[in-house]
Amino acid sequence: MEELRCVAQKVQEEIKNAGIEKARFSVEEKETQEFSMENGEFSLYRTLFDKDLSVTVFPNQKKGSGSTNKLDDASIKAVVEGALASAESAVPDEAYDIAPKQENQAFEAGTYEPDMDLLFARTKELAEDIKKEFPKIQVMLMMVSHEKNHEIYWNTNGTEFERFYGCYNLMIEFSANEGDKTTSLAYASVRTATLEQPFIEMAAVKRKLADTVKQLDVKPMEGKFTGTVVLMPECVDEFLGYICSNFTSDSVILEKTSIWLDKLGEQVADPRVSVTFDPMHEQIISRERYTYDGFVSEPEDFIKDGVLSSFKTSLYVANKSGVKPAKNTSYCMVMQPGDTSFEDIIKNTKQGLLLGGFSGGQPGTNGEISGVAKNSFLIEDGKITTAVNEVMITGNLADMIQNVVAISKETLSEGTSVMPYVAVDGVVVSGKE
């Protein structure tokens, strides 16, 4: 801890000695203890150490940046000089700025010091649980780690933040096998601050294992229909991420290509849709505490009761565009649950698709999407029936968020978001012609 503070003080001195009046930097140390299990056997254990220094300077309203993974005196001096040199050839812009002075604070999140014995025990337990409950599942790789980060942020307005953060991570790569039948690779992941629960009970691990077994009896779908698609929580997260990027992010606001550019304060979604960017939510593990512009992070409504409440803009783009900067830079989205159970959503769907994954290119600026449905199942007369492949879905994100049929009471968190199941109407589902 003291060593990183000494590094931060040296960076400050270099910035001051260079005569730079406006600047910001962050310096970070990260330690990752990770191990893997292949075919039921532990196969790797290692500890990784990473360091990072990022400096941004604004001499004469020009911007220059530099970074390094070395924290010795010569490297510190070189990265400050390099940032200053890169600014010399830049174009001045009055919109460049840093946050005004904030209250100096130290933040803690997650579990900074790991219980490695318990982590090993939980990992072995997961392998045994899978073998017992899902004998048709073959686990190719199980990667487990604990990472801890210590970071210091500083700017020339006198703001200093310090952050201590730690979490456990799990990633499983697996498929199902039965005789000569095998499924494509599937994945499940967990980010957690506690090991109180078995891994198989966390997030969507058990459901993804069960769904993969069902994919052994996958069938191609014939024809096409326009109907209801029930998005599993991870798909809701993905599609909301597309919406945020395509309609409210820095680039589309700055370039004025967003179809929601003039929609702030207006209805853009079904009134039941409320989404908040909330890195401080109890189920969010990453817990961003401050932005790189130098503001203390706060929860912020993205869409409230269907009304667009904020753009996801940096301080620079906010200054250029005349909007407010986002209150946090995380994509830790929390969507409010609805009043319908997942079971009832399925019962009320006459013809539809339960969408577990989506593989497609980046949606167009108008929100048009088209891609392949992954890990998906037909819904017929209120029942989940056949696992399907070779199915395409086509729709428009702006339309989909307005054509919401139901939002589930149940929510899922994998540590980076909190999402319900969401049924949307008017999506084209296409199988084999």
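Which element gives the most to the lining of the largest cavity? Helix H5 does, with four residues. This is a predicted model. A search of the whole structure finds two cavities of 30 Å³ or more. This briefing takes the cavities in turn, then the nonpolar cores.

**The largest cavity**
- The largest cavity holds about 130 Å³ of space.
- Its lining has 13 residues, and those closest to its centre are Leu231, Leu240, Ile243, Ile401 and Val424.
- At least two lining residues come from each of helix H5 (233-248), helix H9 (397-400) and strand E22 (418-430).
- The lining counts 13 nonpolar residues, no polar ones and no charged ones.

**The second largest cavity**
- About 30 Å³ of space lies in the second largest cavity.
- Thr291, Asp293 and Phe295 help to line the second largest cavity, and so do Thr313, Ser314 and Leu315.
- Pro325, Ala326 and Thr329 complete the list of lining residues.
- Here the lining is mixed: four residues are nonpolar, four are polar and one is charged.

**The nonpolar cores**
- In soluble globular proteins, nonpolar side chains tend to be buried together.
- The largest nonpolar core in this model has 47 residues.
- Phe239, Trp260 and Leu353 have the most contacts inside this core.
- Helix H5 gives the most to the largest core, with eight residues.
- A second, separate core has 27 residues, including Leu126, Ile130, Leu195 and Met202.

**One helix to remember**
- Helix H5 gives the most to the lining of the largest cavity, and H5 also gives the most to the largest nonpolar core.

Notes. Residues are numbered from 1 along each chain as its sequence is written. This is a predicted model: local features need pLDDT of at least 70, side-chain atom pairs count only at pLDDT 80 or more; totals for chains, interfaces and linings use all residues. Side-chain values use heavy atoms; hydrogens and water are left out. On a 1 Å grid over the protein atoms alone, a cavity is a set of points where a 1.4 Å probe fits but cannot get out, and a pocket is an open set with protein on both sides within 12 Å along at least five of seven lines; lining residues have an atom within 4 Å of a point. Grid points are joined across faces, edges and corners, and a volume is the space filled by probe spheres set on the points. Ala, Val, Leu, Ile, Met, Phe, Trp, Tyr, Cys and Pro count as nonpolar, Asp, Glu, Lys and Arg as charged, and the others, Gly among them, as polar. A nonpolar core is a set of buried Ala, Val, Leu, Ile, Met, Phe, Trp, Tyr and Cys residues joined through side-chain atoms within 4.5 Å. Buried means under 20% relative accessible area, exposed over 50%, partly exposed in between (1.4 Å probe, protein chains only).
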